[in-house]
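Colleague: I'm new to this one, so could you walk me through it? I'd like to hear how you arrive at each label you use.

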Amino acid sequence: MLEVKITRMTKDDVDEVVHIEELVHPNHHWSKDSFYNEIANNLAYYYCAKNTENKIVAYIGMWHILEEAHITTLAVHPDYRRMQLAQALMIAAIEGCYKEMIKFITLEVRESNIAAISLYEKFLFDSIGMRKKYYQDNGENAIIMFTQNIWYDKFKNNFSAIKEGISKIKVCRSGIA
Ligand SMILES: CC(C)(COP(=O)(O)OP(=O)(O)OC[C@H]1O[C@@H](n2cnc3c(N)ncnc32)[C@H](O)[C@@H]1OP(=O)(O)O)[C@@H](O)C(=O)NCCC(=O)NCCS
């Protein structure tokens with residue numbers, strides 16, 4: 001079973017994160033400076049999943065703005081897909097939202113990104129609109145997705161069920177504030 005620890009992203013993680021970015025988004029990846037700027041921002045909550053060799057295998061980024069959180073990035077190394085890593089990172093990020101009394105979570109996703117849309121739907125995000133030609137690299141539309149209030153039973157019960165369903169990986173958390 002894959003064992004990972006989830007930590008807040010630091011400057012020391014950025015080289016590895018950008019390496020995964022290049023693999024995942026060859027034509028439109030974020031730069032090192034983008035990540036340095038992001039993690040220096042007080043509103044930003046970025047997490048990495050690291051394997052037992054301390055190698056980063058996935059990461060997620062989120063902004064907390066008043067009662068709303070915005071997922072800015074999420075990627076899993078291609079060799080580590082379908083092992084529940086994205087779910088584990090979503091869980092860590094959403095638990096961070098509960099700690100900070102966030103009520104709603106939103107994001108934009110490419111309309112062709114079936115895997116990601118399915119992941120977010122699993123967490124009960126709904127599609128609430130579209131930003132036409134949002135992505136500059138290919139002019140693709142973005143689907144805007146939103147949760148209901150994450151404190152409502154429906155969201156919480158589903159969230160608990162997802163947590164209980166994590167069986168392919170063992171997750172330990174460290175350094176998460
Ligand atoms: C989308 C992504 C993050 C999923 O990561 P992952 O660790 O493989 O996902 P998980 O194993 O945690 O799967 C969680 C859910 O995502 C969905 N999912 C993941 N991969 C999928 C695929 N290839 N096809 C359809 N659904 C998929 C499923 O709903 C899955 O739940 P299930 O296993 O109960 O069916 C990963 O494919 C990725 O990094 N893609 C490239 C970057 C990206 O698209 N990021 C999102 C930007 S908005």
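Modeller: Let's begin with what counts as an element: a helix is a DSSP run of H or I with at least four residues, a strand is a run of E with at least two, and both are numbered from the N terminus. With that in hand, Gln 84 sits in the loop between strand 4 and helix 3. Bear in mind that this is a predicted model.

Colleague: Is Gln 84 buried or exposed, and how do you know?

Modeller: Count C-beta atoms. Gln 84 has 21 others within 10 Å, and the cut-off for buried is 20 or more, so Gln 84 is buried. Its phi is also positive, about 75°, although Gln 84 is not a glycine.

Colleague: And what makes Leu 66 count as exposed?

Modeller: Exposed means 12 or fewer neighbours. Leu 66 has 11 inside 10 Å, so it counts as exposed. This residue lies in the loop between strand 3 and strand 4, and its phi is positive too, near 50°.

Colleague: Then why is Thr 106 called partly exposed?

Modeller: Thr 106 has 16 C-beta neighbours inside 10 Å. That falls between the two cut-offs, 12 and 20, so partly exposed is the label. Thr 106 belongs to strand 5. Setting aside neighbours within four places in sequence, Thr 106 is in contact with Glu 68, His 70, Ile 144, Met 145 and Phe 146.

Colleague: How do you know that Thr 106 and Ser 127 aren't in contact?

Modeller: Their C-alpha atoms are separated by 9.7 Å, but contact is judged on C-beta atoms within 7 Å. What I can say is that Ser 127 is absent from the contacts given for Thr 106.

Colleague: What makes you say the protein chain is as compact as a globular protein of its length?

Modeller: The radius of gyration is 15 Å, close to the 16 Å the globule rule gives for 177 residues, so the description fits. The chain has five helices and eight strands. Buried residues make up 27% of the 177.

Colleague: Which residues touch the most other members of the largest nonpolar core?

Modeller: Among its 41 residues, Tyr 47, Ala 58, Tyr 59, Leu 85, Leu 89 and Ala 93 do. Elements giving two or more residues to this core include strand 1, helix 1, strand 2 and strand 3. Helix 3 gives the most, with nine residues. Ala 93 touches Tyr 45, Tyr 47, Ile 60 and Met 62, not counting residues up to four places away in sequence.

Colleague: Why is helix 5 described as hardly covered?

Modeller: None of its twelve residues reaches the buried cut-off of 20 neighbours. Helix 5, residues 153–164, reaches 16 Å from its first C-alpha to its last, close to the 16 Å expected at 1.5 Å a residue.

Colleague: Last one: which residues come nearest the ligand?

Modeller: Of the 19 around it, Arg 81, Ala 86, Ala 115, Ser 118 and Leu 119 do. Strand 4, helix 3 and helix 4 each give two or more residues to that shell, and helix 4 has the largest share, six. By class, the shell has twelve nonpolar, four polar and three charged residues.

Note on methods: Residues numbered from 1 in each chain as written. Predicted model: local features only at pLDDT ≥ 70, side-chain atom pairs only at ≥ 80, totals over all residues. Near = placed C-beta within 6 Å. Nonpolar A, V, L, I, M, F, W, Y, C, P; charged D, E, K, R; others polar. Core = buried A, V, L, I, M, F, W, Y, C linked by C-beta atoms within 7 Å. Contact = placed C-beta atoms within 7 Å. Rg over C-alpha atoms; globule rule 2.2 N^0.38 Å. Expected span 1.5 Å × (residues − 1).
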